[in-house]
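Here's a quick look at one sheet and at the enclosed spaces inside this protein. Have the sequence and the model open as you read.

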Amino acid sequence: MTRNYFKIFLIVLSILTLLNCSNAVTNSQYENQVTGFDVTTDTKQIIKFKTKDAKALAVTELTSENQNNIIKIRENGTTDSFMEVPSDLILSPICEIAKSHSESSGVTYILFNETVSVPSSVEYSYKDEKGNVLTAGVPENFKIGQLLCVFEDGTYDDVLYDSKNNSWKDIDIKADGKNNLVFDKLGHVYFTVINSGNSNMIYKYSPFEKSIAKITPAINGTIYTDIDVSDDGKWLFATTNTEKNFETSNVLRAIKLSNRENYSTLFEINDKLSWAYCNLLNCIYCISDGALYQYPCENGAFNQSAKKEIINGNLKTFDYKDALFSQTGSEVKYTLLDANTIDFFYYFSNSKADSVNTKNLTAYLFDKAWLSLKKTDLQKVKRTYINEEGKKYDAEYYPNLSERYDIRFDAFKNVKGFEELAEKTKDLKNEDVINALLKNNLLKIFAELLGSERYSKKTDFESNHYYENNFFADVLYKKGTYKKITLDEFSITKNKFFSTPGLEQSDIFNKEKSDKKIMTWKAELTKKENGIITVDPEKVLKTLASYCSTPDIDFSLKAFKGIPEYSELYTELSNEDAVLFLDSSEKISSFCNFMDKTSDDLNKNSNILSLTCFKKNTTEPAYVYNKLTSTINWRKVSDLKSFRKRLYAVEKKDSPSSLLSKNSQKLIEVFDENGELSCKYVESVKNFDIDSAIFSDNGFYFESSISKGSDSLSSHGQQLKFYDVQTDSVMELFKNVAAKNNLEIVSFSENRNTVYYSGLNGHEVINGKINTQSLDARIFNINKKLVKIVVL
């Protein structure tokens, strides 16, 4: 019987040996590829942690006299130092304190800014084989690492210590000092570690085994920034910056921890990207450049091909003023002077009020020309007249200038901006010129010409160029010829040209400002050819396509055929030709007017995309209007936050002062409790900072700013509030805090229905705790500002 037991023992021993060998080989292969740290079981206990009775930990403001600036807070509000540090040892400032998300682990993490060397005079404690506590001097070049895992019994593990090589790694701390440690619900913590060269790596630490494992290898030029992990620890997500051949790209990666070499690249980040992982739905949400995307986990993997654009990209709001046009000012309206105006009375007294007597207007222009011409060159003519009594008499008179000159607008073909006046009146003269102006709606351009710099320059008696700045020098031609009037025929004062523009705008026009705004193409949608700036149709189409979330579209104005009041916008042309057809101040104004006056049911702005933009080579709209998403400017939305099946986002408004940045944010519920699209503002949550929000089982705690003055730039107080997602209501946690309207919150933390906070009331420091169920408030006798708090 004894022999049989012995045989069984040998067999079991052999199996265990084989298993250990097998594991050793696997671990060796894995270590060469991915890991690099052994189990850290040899941490020397240099620091002692007083964990007993601690209900919260806090980091006080760092001073030169107070290097050991982490305290524990007891139930009754009394405090004590949390760490006992040898007097010879000076620790690095604390960057972050955090508690594991697993209640079973019962550990706290302390992250320092730097690894520090331990003086040789410092001793550490250890236990011998019999359990006796002994002390010894630290080895040469010994250090305290950046990250310590503190256990409930007061012992700790130096997480980044590699006992095998007696070396320490450094954590890649973020610039804002936040969220350097990420937790799953199993009690593991994840972080990035600096590698030599332009790269870092992601590591996972288990407090249960006191072991650390490398998740991603070190690849030169690859840096992981924001990371997150699924609650079950199966998936890790990371924003990844890669540099290769001097080209940089930013992508979002999904890494399955059971097969970490085969990661998936989900999204290429061209602009600032916000993303969030939803545990209950097992999907990733991304928002970039106004579009929201969803990546579901299908067949046990996240793949780029599974990307879903929510409602065909309709989370982009099209604002034509932002996208296509710029306002250059108010439109000016020009009308001919009324017939009863004194200067016009003789010429228009017999004309109809609603018409223009072109014959009399032409005569008026000729008579105005008399002021600019030499009278000596115009010989008087004798003529016989008959008086009222029937008797004849002789008299001299100046002849009508129309007998000697013609009025032509040919000269304006060389005047920039007014070429159309010459084009539409080519080979015409006198009254026919005026008729052409009326027929082609050119009176406005004519008025602008008269008011232009060409006829409004200051008199320069030292040069003869003033001849060119007289209207009649441009338009008077020898009768029946194309020969313009010369300088010698003009009136001379002091041997120089007579100082007059000839014809002024106010001589024939009334100028009135209209409520209508002048719109032109945005500068970035134009091009310059031969010194002339014109619209670039290719850029316009590309912009419209981006709002439709598609690389290519067909642009058409055919829809305006069925809208009588905007029929001038109708054309059979498409794409670039349709853009060029639209390129006139009148059509652009009409186009903008349509978008301004379209009914709310058609969504004013966004619906114009449905009417004019189509999927390439089809009649299917490239943009489908959805009223649910149209009220939000998704180009200003970022900071996605997942809560159960809900998805929240923040719409940030432009603010004139950084002090008001919190006041300019709005919270949006993108998906509701069922994971259905809701897209609505959470009106009960206002003036908040989503970055500092703490999510709990039923909602989240947040800071809310309150103004203490009528001036928008006056100082602001802050309150702590809780938003209950089930009831869509907000609870004011500072209800029983005396200084609630004057506090500036420094930090706060929550756990098990208790919130600990630190605030400033002017120069007075106020620290305390609040029961979130009863709202009972207690002020602590702690006169130090607590810059970081964690409730245990």
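## A sheet and two cavities

Strands β2 (residues 56-60) and β3 (residues 70-73) run antiparallel and are joined by four bridges. Want a spot to click on? V59 has I70 in β3 as its bridge partner. Keep in mind that this is a predicted model.

That pair belongs to an open sheet of four strands, ordered β4-β3-β2-β53, with antiparallel pairing. Since β4 (79-81) and β53 (786-791) sit at the edges with a single partner strand each, one side of each has no neighbour in the sheet. From one strand to the next, the twist averages 25°.

Now for the enclosed space: searching the whole structure turns up two cavities of 30 Å³ or more.

| Cavity | Volume | Lining by residue type |
|---|---|---|
| Largest | about 80 Å³ | twelve nonpolar, one polar, no charged |
| Second largest | about 40 Å³ | four nonpolar, one polar, three charged |

The largest cavity has 13 lining residues, and L324, L544, F555, L582 and F591 are the ones nearest its centre. Elements giving two or more residues to that lining are α10 (537-547), α11 (575-582) and α13 (607-612). Of these, α13 brings the largest share, with three residues.

What lines the second largest cavity? Here you'll find T43, K44, F142, K143, I144, Y156, D158 and Y161. Strands β11 (143-144) and β13 (156-158) each supply at least two residues of this lining.

Technical notes. Residues numbered from 1 in each chain as written. Predicted model: local features only at pLDDT ≥ 70, side-chain atom pairs only at ≥ 80, totals over all residues. Heavy atoms only, no water. Pairing = 2+ DSSP bridges. Axes fitted to C-alpha atoms, helices over the stretch in contact; angles between N-to-C directions. 1 Å grid on protein atoms, 1.4 Å probe; cavity = no way out; pocket = protein on both sides within 12 Å on 5 of 7 lines; lining within 4 Å. Points joined across faces, edges and corners; volume = space filled by probe spheres on them. Nonpolar A, V, L, I, M, F, W, Y, C, P; charged D, E, K, R; others polar.
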